Amino acid sequence: MRTIIRCIATYLPEKVVTNDDLSKVLDTSDEWIYTRTGIESRHIAEEDELASDLGIAASKKLLALSDIDPIDIDAVIVSTTTADRRFPSCACRIQGAIGANRAFAFDINAACAGFIYGLAISDSMIRSMNLKNVLLVTAETLTKFVDWTDRSTCVLFGDGAGALLIQSSSDDESSGIISTKLYSDGSEERHDSILSHRGPQNGYRGYTTMAGRSVFRYAIENMSSSMNEILAENNMTLDDIDWIIPHQANRRILESMCKMRNFPTEKFIITTKDHANTSSSSIPLALDEKLREGKIKAGDTLLFTALGAGLVWGAAIVRL
Ligand code: UT7
């Protein structure tokens, strides 16, 4: 038995905000944002469009694309750092909205690494609980948690959702989740390097802050080491990998990683230009876009890696 990614769908809010739009209301420029990050524009959810709404839209697209009856879904797992409320979970709202009436549902918070954590949890629950179908959703509205007067953070983020049908399968022995690897480091300096301040500790006020330069360095160090470790553990090299899909925070991080660690740039999928940093949705958005373009194909072997607030990070190898 293998755990496979059977189908993927994504959803982006309609509203698109370009760097030029931002430069009209902030002391910034398209030139600064593009050269420092590779971002040109981002999708932004409407005020009344919540993370679970994005997740529901992506899930409904997935149901339309696949032949799955919602009643056959065993679990709904949602990765989000920007849930509508403290409770109930986004997962329960999505489960109800799509009629997955037999499924159990819960949220996870592993920030920008949430997709890789979600993949690992889906894989291990399918194996340990003998599940058939897991709906793994990433639903993020980080633009609701940034200070729109702070040019050093607000230009970096966008909103979006992904929905993946993760399935147990005995059909094709060569495809499936080959390996996942998760890491965390909550020591003070790293813990405080990316923070959403809005919560009981801060009187429910405040926004997202980031020690940009340190996070830039941690991202290169930790994403690179997780890639090298997962490859070594599976007796693989980058020659065995068709595409590397990293978390899409900043094109410059990915280019620096390639330069410093001698990784093959041509295997890196980079979609920061149109999406900005959509936290745990960034890998599903990149994967879905490149599958629809025909760049990534069935049978390809993919290496995912991501790092986010916590710090948390990880890697996964999947054959489609
Ligand atoms: O998903 C979690 C992972 N997060 C990340 O991976 C983000 C990692 N960090 C980064 O991507 C980069 O550190 C940033 C893109 C956030 C910042 O780039 P940087 O090259 O590290 O710039 P900086 O923060 O050192 O700022 C350089 C200058 C400063 O001006 P002074 O002090 O040199 O006069 C900033 O005030 O750029 C200024 N600046 C801006 N200027 C125009 C900061 N933000 C802006 C802006 N427009 N939006």
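Asparagine 262 is found in the loop between α9 and α10 (272-275), and its phi is positive, about 60°, although the residue is not a glycine. The structure is a predicted model. This briefing covers the surroundings of the ligand, the second largest pocket and the local backbone geometry.

**Ligand surroundings**

- The shell around the ligand comprises 22 residues, and the closest are Thr28, Arg36, Arg213, Asn250 and Asn277.
- Arginine 213 places a polar side-chain atom 2.9 Å from an oxygen atom of the ligand.
- The side chain of asparagine 277 has an N or O atom 2.7 Å from an oxygen atom of the ligand.
- At arginine 151 the partner is a polar backbone atom, which lies 2.9 Å from a nitrogen atom of the ligand.
- On its own the ligand has 950 Å² of accessible area, of which the protein covers 73%.

**Composition of the ligand shell**

- Two or more residues of the shell come from each of the elements α2 (30-37), α6 (151-154), α8 (212-233) and α9 (251-261).
- Helix α8 makes the greatest contribution to the shell around the ligand, with 4 residues.
- Sorted by class, the shell around the ligand holds 10 nonpolar, 7 polar and 5 charged residues.
- Domain 1 (2-169) and domain 2 (176-319) each supply at least three residues to the shell around the ligand.

**Second largest pocket**

- The second largest pocket encloses about 270 Å³ of space.
- Its lining consists of 15 residues, with Ile5, Arg6, Cys7, Ala298 and Leu320 nearest the centre of the pocket.
- Strand β1 (residues 2-11) provides the largest share of this lining, namely 5 residues.
- The lining of the second largest pocket divides into 7 nonpolar, 3 polar and 5 charged residues.
- At least three residues of this lining are drawn from each of domain 1 (2-169) and domain 2 (176-319).

**Backbone geometry**

- Most residues other than glycine have a negative phi, and most peptide bonds are trans.
- Asparagine 262 departs from the usual sign of phi, with a positive value of about 60°.
- The peptide bond from phenylalanine 87 to proline 88 is cis, and its omega is near 0°.
- Proline 88 belongs to the loop between β4 (75-79) and α4 (90-98).
- Glycine 310 and leucine 311 are likewise joined by a cis peptide bond, with omega about -10°.
- Leucine 311 is situated in the loop that lies between β12 (301-308) and β13 (312-319).

Notes: Residues are numbered from 1 along each chain as its sequence is written. This is a predicted model: local features need pLDDT of at least 70, side-chain atom pairs count only at pLDDT 80 or more; totals for chains, interfaces and linings use all residues. Side-chain values use heavy atoms; hydrogens and water are left out. A residue is near a molecule or strand if one of its heavy atoms lies within 4 Å of it. A polar contact is a pair of N or O atoms within 3.5 Å; within protein, one must be able to donate a hydrogen and the other to accept it, and residues adjacent in sequence count only if both atoms are side-chain atoms. Accessible areas come from the Shrake-Rupley method with a 1.4 Å probe; for residues, only the protein chains shown count as cover. Ala, Val, Leu, Ile, Met, Phe, Trp, Tyr, Cys and Pro count as nonpolar, Asp, Glu, Lys and Arg as charged, and the others, Gly among them, as polar. Domain bounds come from an automatic or database domain assignment. On a 1 Å grid over the protein atoms alone, a cavity is a set of points where a 1.4 Å probe fits but cannot get out, and a pocket is an open set with protein on both sides within 12 Å along at least five of seven lines; lining residues have an atom within 4 Å of a point. Grid points are joined across faces, edges and corners, and a volume is the space filled by probe spheres set on the points.
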